[in-house]
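Hi,

Here is the structure I promised to pass on. Have a look at it first, and then read my notes below.

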Amino acid sequence: MTVTDNPSTPVPLLLLGRGADPTSERGVECPGDLPAASDPDLVERARAARAALGERVFVLGHHYQRDEVIQFADVTGDSFKLARDAAARPTAPYIVFCGVHFMAESADILTGDHQQVVLPDLAAGCSMADMARLLQVEDAWARLAAAGVADVTVPITYMNSSADIKAFCGRGGGAVCTSSNARQALDWAFSPEGAGGQKVLFLPDQHLGRNTAVLQLGMSLDDCVVIDPHKPDFGVTDQELRSATMLLWKGHCSVHGRFSADSVADVRARIPGVNVLVHPECKHEVVTAADYVGSTEYIIKTVAAAPAGSAWAVGTELNLVKRLAAEHPDKTIVFLDRTVCFCATMNRIDLPHLVWALESLVEGRVVNRIVVDDDTAHWARVALDRMLALPGGGAVKN
Ligand code: 13P
Ligand code: SF4
């Protein structure tokens, strides 16, 4: 069976490759010429296309993007900053999003109707976002209703989710959060002045939900249960649903999920005095073993503020760790694990795809446009606006 054979199963992870084979890649057909990666003029072509477009294009770049791409971004940031910045250039008809699909969807939701959002390679998805499908989440909600807890549960979704999951949360009185403000989102969900819930269904990253609840809200691991869409009854009893406070969707990041407590012990043995700094998408055993925990933006600020001569083992995506090491030659900065690991889908946005997207815009062709339908966009925006109204975020552990 090819991944596209079953129309009732939305395509999850996208296979790597280049070209226009519809049975092996979703939507990576590039009408016109995708420049060869070996083209020595790519940087010049990107510069020329940017210059020709001038203020008509606004390029956003997530911190996990390759250097070759990030050099052309007008703004860089983590997903929270980029969500805020997306609407910062209302006069630009084109927003080129160098990131992954859910980020481009959020940009489409948060920008004006006259603005068109382009994702240079449609195969830049996110395996974590693909772990929570709307039908699965609706079924899980029915499971909560059957156990008598849906009425007291607030759905909160991590930014790393599809627009229809965000809309589900908006409709259900919940909100979006990012790794910068998950604590504030949970405080809001439980507070009588906020959503007034007794429980939270946290989608789709079980680790961010657990780490925030335990490290920042003082809950215990016993307050958390895992909702597994692949198990009968979602892998939980009615009693477990009634006694738990955090109902964690069984999703994870395939990049941050690779780090282990052994990675931390190993680096401490190799580099005496090293500071271990990790993203809250890492497993609980990793964040409890680490010294500092926070979002991508927090990681960057922490390393920048560190004294010369200090040593840092960073547990996040490799493009960012390599960039931090290059930007701070006065500090020792290493990747937390011995095995290198890029985010394969973030890496789909390469210079050939960026050049292709920009040159197409110069020619008046909007390629790879990301459009969220009006109803989904409305409710997803409700959930995003609740997030944007939260007080500022910070570190998970410092
Ligand atoms: P932040 O950008 O919120 O730090 O999240 C990291 C991530 O994995 C983005 O896909
Ligand atoms: Fe998704 Fe993880 Fe890649 Fe972020 S780093 S886009 S969460 S797979």
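**What I found**

Let's start at Val176, which sits in strand β6 (residues 175–177). Keep in mind that this is a predicted model. Val176 counts as buried because it has 31 C-beta neighbours inside 10 Å, and 20 would be enough for that label. Ignoring neighbours within four places in sequence, its contacts are Thr157, Met159, Lys166, Cys169, Ala383, Leu384 and Met387. Thr157 is 19 residues away along the chain, yet the C-alpha atoms of Val176 and Thr157 are separated by 4.9 Å.

Ala383, Leu384 and Met387 bring us to helix α15 (residues 374–388), and these three are among its buried residues. The others on that list are Thr376, Ala377, Ala380, Arg381 and Arg386, so two arginines are named there too. Which elements cover this buried set in α15? Among them are α3 (79–85), α4 (101–110), α6, β6 and α7 (182–190). The helix geometry also checks out: at 1.5 Å a residue, the 15 residues of α15 should span 21 Å, and the end C-alpha atoms are 20 Å apart, which agrees.

You can do the same check on α5 (134–146). This helix has 13 residues and reaches 18 Å from its first C-alpha to its last, close to the 18 Å expected. Its buried residues are Val137, Ala140 and Leu144. Why do they end up on the same side of α5? They cover an arc of only 60 degrees around the axis, which puts them there. The general background is that an α-helix has 3.6 residues a turn, so residues three or four places apart point the same way. The cover over the buried residues of α5 includes β5 (153–158), α6 (163–171), β7 (199–203), β8 (224–227) and α9 (238–243). On the face turned away from that buried side, you'll find the exposed residues Leu135, Glu138, Asp139, Ala142, Ala145 and Ala146. After α5 comes Gly148, with a positive phi near 80 degrees.

**Three annotated cysteines**

The unreviewed UniProt entry carries a "binding site" annotation that covers Cys126, Cys253 and Cys343. They are spread over 218 residues of sequence but cluster in space, with a largest C-alpha distance of 9.4 Å.

Are Cys126 and Cys253 buried or exposed? Cys126 counts as buried, since it has 24 C-beta neighbours inside 10 Å. Cys253 is buried as well, with 24 other C-beta atoms within 10 Å. Both are in loops: Cys126 is between β4 (116–118) and α5, while Cys253 is between β9 (246–249) and α10 (261–270). Leaving out residues within four places in sequence, Cys126 is in contact with Val100, His101, Phe102, Asn160 and Thr345. With residues up to four places away not counted, Cys253 touches Met128, Asp205 and Glu281.

**Domains**

The domain assignment gives domain 1 (41–124 + 346–367), domain 2 (129–253 + 378–389) and domain 3 (256–335). The C-alpha centres of domains 1 and 3 lie 28 Å apart. Their contact takes 10 residues from domain 1 and 8 residues from domain 3. On the domain 1 side of that contact, the residues are 3 nonpolar, 3 polar and 4 charged.

Cheers

Conventions
Residues are numbered from 1 along each chain as its sequence is written. Chains are lettered from A and ligands numbered from 1 in the order in which they are written. This is a predicted model: local features need pLDDT of at least 70, side-chain atom pairs count only at pLDDT 80 or more; totals for chains, interfaces and linings use all residues. UniProt positions are given in the numbering used here, feature names are shortened, and annotations may be inferred rather than shown by experiment. Helices (H or I, at least four residues) and strands (E, at least two) are DSSP runs, numbered from the N terminus. A residue is buried if 20 or more other C-beta atoms lie within 10 Å of its own, exposed if 12 or fewer, and partly exposed in between; C-beta atoms are placed from the backbone. Two residues are in contact if their C-beta atoms, placed from the backbone, lie within 7 Å. Domain bounds come from an automatic or database domain assignment. Ala, Val, Leu, Ile, Met, Phe, Trp, Tyr, Cys and Pro count as nonpolar, Asp, Glu, Lys and Arg as charged, and the others, Gly among them, as polar. The expected span of a helix is 1.5 Å times one less than its number of residues. The arc is that of the directions from the helix axis to the C-beta atoms.
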